[in-house]
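Visitor: I'd like to learn how to read a sheet and its surface from a model like this one. Could you walk me through it?

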Amino acid sequence: MVISDSNNSGVFSGSYLTAMAATDNTIRPSPLQGVQHQVDQRAQPTFGFTVNWSFSESIAVFAGQCFLDEDGEEHLKTAWLLREEVESVAEDWGATRVGTDTFYRSK
């Protein structure tokens, strides 16, 4: 995941390249849009972002918080929902997946 710095309103954008997908399609980077709760520089802000997968008929939303560990290293703890398109309401029961991820800043 590559994200821009947030603007004065906390809005950011970027791209997400997943390593996992339930598709036979070629996995490609997908656009993301999000917002960070604006707090002072020492805080550990909450945020949310949406990924519109470019290789499948699905979308994911992430909500989380940025934490600094005892060594000052950032990590983003998230919970997510992924919704895939289905053909009918009868298939709705399996169309939403739930999970968690932790992201670390690349050096």
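Visitor: Let's start with one pairing. Which residue in β5 is the bridge partner of Thr50?

Guide: That's Val61. Keep in mind that this is a predicted model. Val61 lies in strand β5, and β4 and β5 run antiparallel, joined by 7 bridges. Right beside that pair, Val51 stands opposite Ala60 in β5.

Visitor: And on the other side of Thr50, what stands opposite Thr50 in β4?

Guide: Gln33 does. Strand β3 (residues 30–36) is joined to β4 by 5 bridges, and these two run antiparallel.

Visitor: How do I read the two faces of a strand?

Guide: The general idea is that side chains in a regular strand alternate between the two faces of the sheet. Take β4 here: Phe47, Phe49 and Val51 make up its covered face, while Thr46, Gly48, Thr50 and Asn52 are on the uncovered one.

Visitor: Now the whole sheet. In what order do the strands come?

Guide: They run β1-β2-β3-β4-β5-β6-β7, 7 strands in an open sheet with antiparallel pairing. The edges are β1 (2–3) and β7, each with a single partner strand, so each has one side without a neighbour in the sheet.

Visitor: How many bridges hold β5 and β6 together in that pairing?

Guide: There are 11, in the antiparallel sense, with β6 covering residues 74–84. Ala60 comes back here, since its bridge partner in β6 is Leu82. One step further along the sheet, 9 bridges join β6 to β7 (residues 96–104), with Thr78 partnered by Asp101 in β7.

Visitor: What should I look for in the turns? Which residue in the hairpin of β5 and β6 takes a positive phi?

Guide: Gly72, with phi near 80°; that hairpin has 5 residues between the strands. The hairpin from β4 to β5 also goes through 5 residues. Glu57 is in that loop between β4 (46–52) and β5 (58–68).

Visitor: Is Glu57 buried or exposed?

Guide: Exposed, because its relative accessibility is 57% and the cut-off for exposed is over 50%. Glu57 also belongs to a surface patch of negative charge, together with Glu85, Glu87 and Glu91.

Visitor: What about nonpolar patches? Which residues make the one of about 260 Å²?

Guide: Val61, Leu81 and Val98. So we're back at the residue we began with: Val61 has a relative accessible area of 37%, which means it is partly exposed.

Definitions and conventions. Residues numbered from 1 in each chain as written. Predicted model: local features only at pLDDT ≥ 70, side-chain atom pairs only at ≥ 80, totals over all residues. Heavy atoms only, no water. Patch = residues over 30% accessible without salt bridge, like charges linked within 9 Å, V, L, I, M, F, W, Y side chains within 5 Å. Areas by Shrake-Rupley, 256 points an atom, 1.4 Å probe, with all protein chains shown as cover. Salt bridge = Lys/Arg side-chain N within 4 Å of Asp/Glu carboxyl O. Lys, Arg positive; Asp, Glu negative; His and termini not counted. Charge placed at Lys NZ, Arg CZ, Asp CG, Glu CD. Helix = DSSP H or I, 4+ residues; strand = E, 2+ residues; numbered from the N terminus. Buried < 20%, exposed > 50% of the residue type's maximum accessible area, 1.4 Å probe, protein only. Pairing = 2+ DSSP bridges.
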